[in-house]
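Hi everyone, thanks for making time. I'd like to walk you through a structure that's probably new to most of you, so let's put it up on the screen.

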Amino acid sequence: MAARLSLTLSSYFGRRFLAGVTLILCVLVGLVVVVDFVELSRRAANRESAPLSVIIELAVLRIPFMAQKILPFAVLFGGMLTFARLTRSHELVVTRAAGVSVWQFLTPPLVVATLLGTFVMTVFNPISSAMVYRFEQIEAKHIRGKPSLLAVSPSGLWLREGGADEQVVIHALGVSQQGLELRDVIIFNYEGNDRFAGRIDADTASLASGRWRLDNALVSQPDLPTEHFAEYYLETELTIDSIRESFAAPESVSFWALPGFIEALEEAGFSAVRHRLHWNAILSSPLLLYAMVLIAATFSLRLIRQGKAGLVVVGGLITGFLLYFLSDVVFALGLSGSIPVVMAAWTPATVSTLLGLAMTLHLEDG
């Protein structure tokens with residue numbers, strides 16, 4: 001009969017696992033931050049509006065997002081490090097000799113990984129999203145030189161175009177053809193930043209060849225009578241690509257706010273596939289971390305006992321690469337519509353979990 005793992009021993013294994021994951025996460029995030037800082041410095045090299053302080057701020061704002069992306073690999077390698085240390089110190093050997101099964105001493109790390117994934121999903125992600133949103137604003141202003149053009153809300157679509165001398169703000173209640181045509185349009189013209197210069201009301205606005213074609217337009221200007229035009233043309237530098245690129249990135253929207261944002265996006269007439277995929281991927285993160293613990297255990301426990309530490313490292317690297325490759329391929333299929341979004345988001349976590357369970361069962365039987 002298998003012995004029961006005491007609460008003290010469970011707490012010990014859980015703390016050791018959390019310490020190993022934290023150590024690996026700090027190392028990986030540190031390396032990525034250095035690379036990211038160098039890349040931001042290269043992009044800002046010819047920008048006078050991006051001094052060193054701005055680059056440092058941008059690099060800091062990206063840290064939570066990068067930590068969230070790296071976390072599954074930190075759990076994998078942190079778990080391998082923890083199990084290898086426990087095996088080399090004979091702590092797991094003694095535990096197994098006392099009749100404790102693999103599943104029993106894996107329970108504390110599995111619980112810690114699941115709770116960590118839940119914490120990241122519900123608490124850490126909103127913080128990360130807010131910092132990514134701030135990052136995009138600063139990057140657009142100081143590095144790309146293009147402030148955000150578009151905002152989607154339950155009240156409709158808002159577009160802004162122009163510079164310091166003249167600005168055009170477009171509001172539409174609906175969108176069709178993925179942004180090529182706007183419905184129930186109001187266009188506000190401003191001179192400078194806030195001096196009202198006119199307004200145009202139109203039934204529809206169609207984007208083509210560097211201009212908006214406004215149907216059934218009413219043109220109003222200060223101190224002048226309103227004029228009616230069956231067709232009215234307004235020059236623009238906007239393109240459909242620039243409009244789509246101005247959407248809030250899925251990473252900049254909180255996990256809790258994503259469902260409402262997706263609904264507003266679809267009601268406005270735009271595709272929300274990227275945002276749905278991202279939301280489901282966040283939902284699957286606790287399961288993915290659970291799977292990483294199982295895979296880490298199967299790679300490290302038996303091979304360390306057999307003195308094959310090198311194979312542990314190689315196996316972990318190969319597993320991490322395959323997971324990253326699988327996720328990219330499946331996500332690409334989801335974005336293209338080849339497979340359902342839910343399947344694309346949950347496949348990496350589900351496949352990893354099934355693989356980890358199968359390998360752990362084989363290890364226990366062995």
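I'll go through some helix packing, then the aromatic rings, and then a handful of single residues. One thing to keep in mind throughout: this is a predicted model.

Okay, helices. Two packed helices are described by the angle between their axes and the distance between the axes. Let's start with α3, which covers residues 63-88, and α5, which covers residues 102-144. At what angle do α3 and α5 pack? About 165 degrees, and their axes are 9 Å apart. Anything over 145 degrees counts as roughly antiparallel, and therefore that's what we call α3 and α5. The crossing of these two helices is right-handed.

So who's doing the touching? From α3 you have P64, F65, Q68, L71 and F83. From α5 there's a longer list to click through: L106, P109, L116, V120, F124, N125, S128, M131 and V132. If you sort the residues of that α3 and α5 contact by type, you get 11 nonpolar, three polar and no charged.

Now step back along the chain to α2, residues 52-61. Helix α2 packs with α3 too, at an angle of about 35 degrees, with the axes 4 Å apart. Which residues meet there? On the α2 side it's A59, V60 and L61, and on the α3 side it's I63, P64 and M66. The tally for the contact of α2 with α3 is six nonpolar, no polar and no charged. If P64 sounds familiar, that's fair: P64 is listed in the contact with α5 and in the one with α2.

Right, on to the aromatic rings. How many aromatic pairs does the structure hold? Seven. I'll show you a couple. Take F255 and W256: the ring centres are 5.1 Å apart and the planes sit at 75 degrees, so this pair is edge-to-face. What I like here is how the two partners are placed. F255 is buried, with a relative accessible area of 7%, whereas W256 is exposed, at 56%.

Next, F321 and F325. This pair is stacked, with 6.4 Å from centre to centre and 15 degrees between the planes. Both residues lie in helix α10, which spans 309-336, and they're four residues apart, or about one turn of the helix. Is F321 buried or exposed? Exposed, because its relative accessibility is 56% and the cut-off for exposed is over 50%.

And while we're on rings, have a look at Y12, F13 and F105, which form one aromatic cluster.

Now for some single residues, beginning with two buried ones. H275 is in helix α8, residues 273-283. At 2% relative accessibility, H275 counts as buried. What does H275 touch, once you skip residues up to four places away in sequence? A248, A249, P250, L258, F261, I262 and L265.

The other is T360, over in helix α11, residues 341-365. T360 comes out at 0% relative accessibility, so that's buried as well. With residues up to four places away left out again, T360 touches V102, W103, L106, L294 and T298. You've met L106 already, in the α3 and α5 contact.

Let's move to the strands. Most residues other than glycine have a negative phi. With that in mind, check D184 in strand β4, residues 181-191. D184 has a positive phi, near 50 degrees, and isn't a glycine. At 44% relative accessible area, D184 is partly exposed. N216 is another one: phi is near 55 degrees, again positive in a residue other than glycine. You'll find N216 in strand β6, residues 211-220, and at 33% relative accessibility it counts as partly exposed.

Last stop is E231, in strand β7, residues 227-235. E231 is partly exposed too, at 43% relative accessibility. How far is the C-alpha atom of E231 from that of L214? They're separated by 5.6 Å, with the two residues 17 apart along the chain. Leaving aside neighbours within four places in sequence, E231 is in contact with R213, L214 and D215.

That's my tour. Happy to go back to any part of it on the screen.

Methods:
Residues numbered from 1 in each chain as written. Predicted model: local features only at pLDDT ≥ 70, side-chain atom pairs only at ≥ 80, totals over all residues. Heavy atoms only, no water. Axes fitted to C-alpha atoms, helices over the stretch in contact; angles between N-to-C directions. Parallel < 35°, antiparallel > 145°, perpendicular 65-115°, else oblique. Left-handed = near helix turned anticlockwise from the far one by under 90°. Contact = heavy atoms within 4.5 Å. Nonpolar A, V, L, I, M, F, W, Y, C, P; charged D, E, K, R; others polar. Buried < 20%, exposed > 50% of the residue type's maximum accessible area, 1.4 Å probe, protein only. Phe/Tyr/Trp six-rings, centres within 6.5 Å; stacked < 30°, edge-to-face > 60°.
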